[in-house]
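Please open the structure in your viewer and keep the sequence panel beside it, as each stop on this tour begins with a selection.

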Amino acid sequence: MLEAALTDVKDAAAAAGFKPRQSGWGRVTNLYLCCQSAAGLGLSPVAFKAVSGLIMLASAFSDQYSNSKLPSLEDWGRPVLLLGAELDGQMRWPWSAGLAADSAVLAQKAGPRFAAAQQPFILVPGANHGQTSNGMPRFDRGDIPAHIEYAAATDAFARAIAAFVTAHEGPKSAKQAATDQLLLMVRQTAELVAPYFMASGMGNPCAAWITGRQGGPESTACLDARDATHQTNHHHQQSHAAPSHAASALQQPLLQGTRREAGAAVSAAMHPGVLQKAERFVAAAQLRLASTLPREVMGQLRVVVQTHTTVEALLYNQPIIAEQEDGSVVVLVHALVAPPNLVRPSADRALLTSRASAPEYWLKLKRPQAIAEELGLDGTYADGVTAAALNQGACDAAIAAVSAKVAERYKAAGWQLVFGDDVPAPEVNAEKFIRQGAMNFSAVPAGGSGSGNDADCAEQHQKRQLGVVTVTSPVLTSKSISETVQHAAHGPQAEAMVSAIQDKYMHRFLGNWYAKVFGVAQAMEWIMLDSLRQKNTWG
């Protein structure tokens with residue numbers, strides 16, 4: 001059926017005077033197919049075999065797009081233009097960040113000009129999803145009011161498409177000029193998305209498009225684990241004075257690597273940098289949780305984080321405290337790293353991409369009381385951090401990292417995030433907590449409904465905050481050894497309980513701290529996109 005539709009398109013083009021250049025295998029080598037929105041889900045596999053190049057206009061390669069499964073651009077050996085809108089609330093660009101990273105890696109390997117012509121990733125600033133079509137935003141599907149006029153957006157999309165086709169089909173002089181245009185657009189987009197890339201752990205894409213030089217691991221990330229949980233508004237003001245992300249690109253290079261899974265057509269594997277960023281965040285969270293311990297003990301702790309991508313792995317791995325011969329103490333903890341759509345899929349298929357691409361973190365840490373008892377320390381040690389504080393730190397770090405324009409837009413016209421007190425689990429059941437516990441988003445509109453479906457209201461929505469969204473995290477704590485003994489002291493099972501906890505293996509289950517929290521990149525997606533939506537798509 002899709003092949004027939006493509007044949008009809010080719011026949012209509014030929015009837016209008018188009019002269020197809022046919023290869024011996026049936027491919028039309030001078031035909032470029034543009035897929036807008038959902039069209040790419042079905043037509044891109046056909047295009048791979050039948051045409052010379054593909055233009056993905058606010059579209060996606062696979063219907064697994066919203067499940068964090070992406071083909072690698074390294075498997076797409078033909079020209080492809082990834083063209084989107086900065087404020088697209090339906091096919092949000094962070095879901096294509098893995099493809100954008102592939103494009104930047106190609107620039108590192110083959111040079112910026114080659115990659116800009118072959119696999120450019122371009123966003124039109126201020127445009128929304130509706131402007132990739134008829135100009136009418138579908139707020140009911142999560143789209144966002146545009147911040148540029150429809151005519152300006154259309155012109156920007158058209159210029160990118162024209163440059164892309166000309167870079168491959170035009171005469172030599174025109175190809176060079178078109179590639180210049182594409183490279184400028186790609187560099188501007190890299191500057192736009194750099195804060196998100198660095199927050200997510202993929203590194204800074206700007207270096208690839210400036211020099212094409214090979215990048216190493218992200219060794220000096222501007223949002224390391226400590227920053228992610230300790231940012232302040234003062235730092236926010238300072239960071240916006242920075243001239244550009246390109247200036248620091250060589251010190252914070254793109255981290256090479258793609259989300260690929262051997263033996264699968266599309267991959268649900270996470271970019272290695274995303275997991276590394278999660279490890280740093282979780283390690284900082286564990287240190288803050290344990291911060292009530294004596295300073296000399298804190299100096300001995302060596303936090304090791306193991307990240308997981310399945311619920312079962314988080315369930316069956318327990319924290320460990322182990323004293324080492326050199327006097328250090330290893331505290332091994334765990335975290336699930338998963339995009340919200342994987343763990344809390346939307347019931348509304350029209351909102352498949354309604355939630356963030358960046359993961360939230362499900363933490364399984366060790367409480368300071370448990371660490372103290374394992375080391376033979378006397379005294380009582382309260383938990384040193386709350387989930388709300390971790391969420392606030394992530395949000396502060398995100399605001400500090402985005403551009404001044406994005407931060408001002410969020411403050412002026414977005415749903416404002418506030419973080420409420422942690423919500424204790426109703427029962428001590430770790431499996432139930434992990435499988436069913438969820439962050440809660442409660443919206444209170446500002447002076448009205450805070451939502452609308454009329455495109456004429458877009459200008460009004462740009463000028464006022466939509467309201468406040470209070471975010472609360474679920475938290476579960478299990479008692480330490482001494483707390484368990486004290487609690488059981490007057491119960492009928494006291495003797496059995498005391499006997500059971502003498503088994504060292506049981507210590508893994510005691511004194512744990514479970515929580516579900518924002519990561520910095522997820523908070524950044526809220527600031528850039530979710531906060532500007534007219535419809536509640538996050539609950």
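The tour goes from the whole chain to a sheet, then to some helices, and ends at a single residue.

**The whole chain**

Begin with everything selected, bearing in mind that this is a predicted model. The protein chain has 21 helices and 14 strands, and of its 539 residues 53% are buried. If you colour by surface, the area exposed by the protein chain is about 22,800 Å², of which carbon and sulfur atoms supply 54%. Among contacts between residues at least 6 apart in sequence, 76% join residues at least 24 apart.

**The four-stranded sheet**

Next, select strands S1 to S4, which form an open sheet in the order S1-S2-S3-S4 with parallel pairing. Which strands stand at the edges? They are S1 (28-36) and S4 (121-124), and because each has a single partner strand, one side of each is left without a neighbour in the sheet. Looking across the sheet, you should find a twist that averages 20 degrees from one strand to the next.

Now narrow the selection to S3 (residues 80-85) and S4, which run parallel and are joined by four bridges. Here alanine 85 stands opposite valine 124 in S4.

**Two loop residues with positive phi**

From the sheet, move to serine 37, which lies in the loop between S1 and helix H2 (39-50). Most residues other than glycine have a negative phi. Serine 37, however, has a positive phi of about 55 degrees although it is not a glycine. Is serine 37 buried or exposed? Its relative accessibility is 16%, so it counts as buried, the cut-off being under 20%.

Then select alanine 58, in the loop between strand S2 (51-57) and S3. Alanine 58 is not a glycine either, yet its phi is positive, at about 50 degrees. With a relative accessibility of 5%, alanine 58 counts as buried.

**Helices H10 and H15**

Select H10 (residues 272-289) and place a distance between its end C-alpha atoms: they are 26 Å apart, which agrees with the 26 Å that 18 residues should span at 1.5 Å a residue. Displaying side chains, you can pick out the buried residues of H10, among them Val274, Phe281, Val282 and Leu289, and also Lys277, Gln286 and Arg288.

Helix H15 (residues 387-401) can be treated in a similar way, since its 15 residues reach 21 Å from the first C-alpha to the last, close to the 21 Å expected at 1.5 Å a residue. H15 is mostly covered, with 13 of its 15 residues buried.

**The crossing of H16 and H21**

Now show helix H16 (residues 404-413) together with helix H21 (residues 520-528), whose axes come within 9 Å of each other and cross at roughly 70 degrees. That angle makes H16 roughly perpendicular to H21. To see the contact itself, select Val406, Arg409 and Tyr410 on H16, and Trp526, Ile527 and Met528 on H21.

**Valine 423**

The last selection is valine 423, which is in strand S10 (residues 423-424). Its relative accessibility is 39%, so valine 423 counts as partly exposed. Which residues does valine 423 touch, not counting those up to four places away in sequence? They are Thr472, Ser473, Pro474 and Val475. Finally, draw a C-alpha to C-alpha distance from valine 423 to alanine 388: the two are 35 residues apart in sequence and 9.7 Å apart in space.

Technical notes. Residues are numbered from 1 along each chain as its sequence is written. This is a predicted model: local features need pLDDT of at least 70, side-chain atom pairs count only at pLDDT 80 or more; totals for chains, interfaces and linings use all residues. Side-chain values use heavy atoms; hydrogens and water are left out. Two strands pair if DSSP finds at least two bridges between them. Axes are lines fitted to C-alpha atoms, for helices over the stretch in contact, and angles run from 0 to 180 degrees between N-to-C directions. Buried means under 20% relative accessible area, exposed over 50%, partly exposed in between (1.4 Å probe, protein chains only). Contact means heavy atoms within 4.5 Å. Accessible areas come from the Shrake-Rupley method with a 1.4 Å probe; for residues, only the protein chains shown count as cover. The expected span of a helix is 1.5 Å times one less than its number of residues. Angles under 35 degrees count as roughly parallel, over 145 as roughly antiparallel, 65 to 115 as roughly perpendicular and the rest as oblique.
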